[in-house]
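Reader: I've got this model open on my screen and I'd like to know how the labels were earned. Can you take me through the reasoning?

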Amino acid sequence: MFVRGRQILLGIGGGISAYKSCELVRRLQDNGFVVSVVPTQSSLNFVGASTWAALSGRKVYTDLWSDVEDVPHIALAQNCSAIVIAPTTADLLSRLAQGRADDLLTNIVLASTKPKILVPAMHPEMWSNPATISNVNILRQRGFLVIEPDHGRMTGDDVGVGRYPEVARIIDEINQHLLRNADLLGKKILITAGGTRENIDPVRFIGNRSSGKQGFALAYAAAKRGAQVHLIAANTQLPVIDGITTTFVETADEMDTVVKAEFPFSDALIMSAAVSDFKVAQSSDHKLHKQEIQPIDIVLNPDIVAGVGMMKQKGQIVVGFAAETSIELQKLQSAGRDKLLAKGLDLIYVNDVSDGKVFGSDQTTGMLIAKSGTVIDIPIISKDTLSEILLDQLLVELG
Ligand code: C5P
């Protein structure tokens, strides 16, 4: 199963110091990273695939020609937060500098837009060879972080620069490098996801078709950009995201209580949950029998986001979602703008959810409207991509 969280894809090059990466896997996990290991064929002479599988607790891919139907090099390239290669041998530096893709690891690197961190380890003569120096320069110019090796004793009797660095320094450098991409660092963001359920009796409820995918995608994207995220999930079937505080609720009243308690400590609320507008006036404490069935009295739920819109202080941002059905594009924009003003929002994402187009899907299409007047048309894109666009806009509103 794909676990969402801070994921490191750890490539292992064929050098004797490969054994030191066993410790690196453990310490990365202590730092909250989920680690997937991709050893090169030659590195398997030093440490076997079963060791990596046991340490990482995850499937280990070693070549391009297994599990081809999963297109693993693309999935692995896209699903990680960063690629770290430790040790990086002189040969790997050379192949990466040439942009080659002649094994699984180099394919992944070439297919990935994520930050790439290399930890070279080799004999001092190889490290100071002009060919290696030139390869390192090329890679640095292309944005790779190449960590300097340590000075000290090599496997034999030689002494010089080329040793595998202390694991603590590698982790420090990884953390700092990743934080540089963290434009939401220091921000606390409250996100609601899923759909509320209102009890009719202990067995039945009034619910809706929201899957929670959009809220979870937003939570993941915000956490990846450094935000401290609190996710409030209503009746979702999605796996929890590593490193994100998640509170589970069922009804609109429960969600209202948690949102109101947490909002004063948050920089932003993104209300992507589908909240039931109404609940049963008096739900039954036992399963209703056929002969008891009568028309059900319903009463309005609190409008959570409108309540927060009224209590927000200067500097706090509130984002709403609006799901409309069978509405013309022109009217979508005015409906969104009316809702934005009525509920005191700074930003609203309005979409047409008719014909099962959005609920439960991995894709979405709609319109992002800001209080400041900006309107962004969103073509059919993934919910992950919408999350990035929405967070970019949220940052603009946060100033
Ligand atoms: O009015 P409408 O339900 O279309 O508004 C949608 C927005 O309002 C969403 O952000 C939703 O989470 C929020 N909402 C709410 N409380 C309700 C109903 C909707 O916070 N009772």
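Author: Sure. Let's begin with a definition: a polar contact is a pair of N or O atoms within 3.5 Å, and within protein one must be able to donate a hydrogen and the other to accept it. Keep in mind that this is a predicted model.

Reader: What makes the pairing of the aspartate 103 and arginine 95 side chains a polar contact?

Author: The distance between the side chains of aspartate 103 and arginine 95 is 3.2 Å, and the cut-off is 3.5 Å, so the pair counts as a polar contact. Aspartate 103 also makes a side-chain polar contact with threonine 106, at 2.5 Å.

Reader: Where is aspartate 103 found?

Author: In the loop between helix H4 (90-97) and helix H5 (104-111). Leaving out residues up to four places away in sequence, aspartate 103 touches Thr40, Leu64 and Arg95.

Reader: Why is aspartate 103 called buried?

Author: Buried means under 20% relative accessible area. Aspartate 103 has 18%, so it is called buried.

Reader: How do you know that cysteine 22 and cysteine 80 are buried?

Author: Same test. Cysteine 22 has a relative accessible area of 18% and cysteine 80 has 4%. Both values are under 20%, so both cysteines are called buried. Across the protein, buried residues make up 49% of the 399 residues.

Reader: How many disulfides does the rule give?

Author: Zero. To count, a pair of cysteine sulfur atoms has to be within 2.5 Å, so a count of zero says that no pair passes that cut-off.

Reader: On to the strands. Why are S6 and S7 called a pair?

Author: Pairing needs at least two bridges. Strand S6 (residues 150-153) and strand S7 (residues 159-163) are joined by four, so they pair, and they run antiparallel. Histidine 151 stands opposite valine 161 in S7, and a hairpin of five residues joins S6 to S7.

Reader: What makes S13 and S16 a pair?

Author: Again it's the bridges: strand S13 (residues 268-271) and strand S16 (residues 317-324) have four, and at least two are needed, so they pair, here in the parallel sense. Leucine 269 stands opposite valine 318 in S16.

Reader: Which sheet do S13 and S16 belong to, and what makes S12 and S19 its edge strands?

Author: They sit in an open sheet of eight strands with mixed pairing, in the order S12-S11-S8-S13-S16-S17-S18-S19. Strand S12 (245-249) and strand S19 (375-382) are the edges, as each pairs on one side only. The twist averages 15 degrees from one strand to the next.

Reader: Which helices lie across S13 and S16?

Author: One is helix H11 (residues 304-311), running at about 160 degrees to S13. Another is helix H9 (residues 213-224), which also lies across strand S8 (188-194), strand S11 (228-234) and strand S18 (363-370), at about 160 degrees to S8.

Reader: How many residues surround the ligand, and which are closest?

Author: There are 13, and the closest are Met271, Ala273, Val305, Phe321 and Lys339.

Reader: What makes lysine 339 a polar contact of the ligand?

Author: A polar side-chain atom of lysine 339 lies 2.5 Å from a ligand oxygen. The cut-off is 3.5 Å, so this pair counts. Backbone atoms take part too: a polar one of alanine 273 is 2.7 Å from an oxygen atom of the ligand, and a polar one of proline 302 is 2.9 Å from a ligand nitrogen.

Conventions. Residues are numbered from 1 along each chain as its sequence is written. This is a predicted model: local features need pLDDT of at least 70, side-chain atom pairs count only at pLDDT 80 or more; totals for chains, interfaces and linings use all residues. Side-chain values use heavy atoms; hydrogens and water are left out. Buried means under 20% relative accessible area, exposed over 50%, partly exposed in between (1.4 Å probe, protein chains only). Axes are lines fitted to C-alpha atoms, for helices over the stretch in contact, and angles run from 0 to 180 degrees between N-to-C directions. Contact means heavy atoms within 4.5 Å. A residue is near a molecule or strand if one of its heavy atoms lies within 4 Å of it.
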